[in-house]
Amino acid sequence: MNFTGKTALVTGSGSGIGKSIALMFAQAGANVAINDVSQKDADSTAQEIESLGREAISIFANVAVQEEVREMFESVKSTFGQIDILVNNAGITRDGFLMKMTEDQWDQVIDVNLKGVFNCCKFAARMMSERQYGKIINIASASAQMGNIEQSNYAASKGGVISMTKTLAKELAQFHINVNAVSPGFIETPMTEKVPEKVKEYLIQQIPLGRAGKPEDVGNVVCFLASDQAAYVTGQVISCSGGMYVLVYKDFMVTDLTTANLSQEIMTKAKAFGAGVSTGLVNDIPSVAELVSRIASDAEKIIQERISGLSRRIEPGVHERRSLRREGNTCHLSVF
Ligand code: NAP
């Protein structure tokens, strides 16, 4: 990739994925505007870029506040005269179970992750349309595509980003502005540092490529989408998750269908699965529990009924296939 002569603005680039993207742009020749709510982190990324021989400015701005974003774009214009690439990377999590989530947790995440993208796209599109050239890349999340327990606010915000990406691709194509999204899975950054070790291990087990992603893995996809090699790609969501999003699979094995505590056992196993992977399953827990207790009394008939019932209730984008099989006193439920 060669970005010589181009200017990129990367939001939230004081750390993590954003910092990596900013450095990769600079290594490929771009001048970069660094934005963050941590001035210290933004300054440090900007200094690293200058040490690579590129120009950089660091701008303190909260992407959720439109006036601050307007001023940020004015700074970019007065420093570089143009903007070629915008990466909407700034994002936060404020996780919590729905029934305990506060209004503030909900609002903060929607404001930064979704309204922030709206604010930045609005001013970037004005500048880019004047020059009939631009690349906008939004950082979404596999949580939006798969659902994730305790992330209703985050998943909704990123789902909104995906919808906005598709709409803006259509609106802005007339100005030769490409709008795409990259959807990371589990990436090692300060955001995921706080995830407990046991949960990390569990998540990594769900990744077909067998490892957590690195910020550069996401950066490579972003750089491609920002390049003219991707000139004919717009409105797309590119998953960068080591296969985590493609394949959602877990085989539950519920032993001894004759024991009294079956419902509890399957609930526990289903929750363990859902906790890391998909809220879609959680909706099914009562019916799965009911299913298993009924199997104990009227095995074959119920299995047949439920297999066809389950396959009728496929939720697009959440599960592609479910199957149930019984071997003696053992029931296997697979969710793909
Ligand atoms: P990170 O290390 O926490 O970096 C995010 C950066 O954005 C931080 O420097 C943060 O500053 C800054 N920021 C927060 N609120 C901001 C605001 N209102 N305005 C401007 N900057 C703000 O997180 P990351 O893991 O690199 O995540 C980057 C993006 O990837 C996010 O959109 C995230 O949702 C997405 N993503 C990450 C993963 C993952 O596994 N890491 C997976 C899927 C998607 P402070 O640190 O000072 O708050």
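Q: Two strands pair if DSSP finds at least two bridges between them. What makes strand E4 (residues 85-88) and strand E5 (residues 134-139) a pair?
A: Four bridges join E4 to E5, and the cut-off is at least two, so the two strands count as paired. They run parallel. Val87 has Ile137 of E5 as its bridge partner. Strands (E, at least two residues) and helices (H or I, at least four) are DSSP runs, numbered from the N terminus.

Q: What kind of model is this, and how are its residues numbered?
A: The model is predicted: local features need pLDDT of at least 70, side-chain atom pairs count only at pLDDT 80 or more, and totals for chains, interfaces and linings use all residues. Numbering starts from 1 along each chain, as its sequence is written.

Q: How many helices and strands does the protein have?
A: There are 12 helices and 10 strands.

Q: What makes strand E1 (residues 7-10) and E2 a pair?
A: Four bridges link E1 and E2, in the parallel sense. Leu9 stands opposite Ala33 in E2.

Q: Why is Ala125 called buried?
A: Ala125 has 20 other C-beta atoms within 10 Å. A residue is buried at 20 or more such atoms, exposed at 12 or fewer, and partly exposed in between, with C-beta atoms placed from the backbone. Ala125 therefore counts as buried. Its place is in helix H4.

Q: Why is Gln132 exposed rather than buried?
A: Gln132 has 10 C-beta neighbours inside 10 Å, so it counts as exposed. This residue lies in the loop between H4 and E5. Its phi is near 55°, a positive value in a residue other than glycine.

Q: What makes Glu150 partly exposed?
A: Glu150 has 17 other C-beta atoms within 10 Å. That value falls between the two cut-offs, so Glu150 is partly exposed. Glu150 sits in the loop between helix H5 (142-146) and helix H6 (152-172). Its phi is also positive, near 70°.

Q: How do you know that helix H1 (16-27) is largely enclosed?
A: Of the 12 residues of H1, 11 are buried, so the rest of the structure largely encloses this helix. Among the buried ones are Gly16, Lys19, Ala22 and Phe25. After H1 comes Gly29, whose phi is positive, near 105°.

Q: How do you know that the span of H1 agrees with its number of residues?
A: The expected span is 1.5 Å times one less than the number of residues. For the 12 residues of H1 this gives 16 Å, and the end C-alpha atoms are 17 Å apart, which agrees.

Q: What makes E5 largely enclosed?
A: Six of its six residues are buried, so E5 is largely enclosed by the rest of the structure. Gly134, Ile136 and Asn138 point one way, while Lys135, Ile137 and Ile139 point the other way.

Q: How do you know that both faces of E1 are covered?
A: Thr7 and Leu9 lie on one side, Ala8 and Val10 on the other, and all are buried. In a regular strand the side chains alternate between the two faces of the sheet.

Q: What makes a set of residues a nonpolar core, and which residues touch the most other members here?
A: The set must be buried Ala, Val, Leu, Ile, Met, Phe, Trp, Tyr and Cys residues joined through C-beta atoms within 7 Å. The largest such core has 72 residues. Ala22, Phe25, Val32, Ile34, Ala124, Val182 and Val222 touch the most other members. H4 gives the most to this core, with 11 residues.

Q: Which residues does Ala22 touch beyond four places in sequence?
A: Ala22 is in contact (C-beta atoms, placed from the backbone, within 7 Å) with Val10, Ser13, Val32, Ile34, Thr45 and Ile49.

Q: Which residues does Glu216 contact, leaving aside neighbours within four places?
A: Glu216 is in contact with Ser20 and Met24. Glu216 belongs to helix H9 (residues 215-226). Glu216 and Gly18 are 198 residues apart in sequence, yet their C-alpha atoms are 9.7 Å apart.

Q: Which residues come nearest to the ligand?
A: Gly12, Gly16, Gly91, Thr189 and Met191 come nearest, out of 30 residues around the ligand. A residue is near if its C-beta atom, placed from the backbone, lies within 6 Å.

Notes. Contact = placed C-beta atoms within 7 Å.
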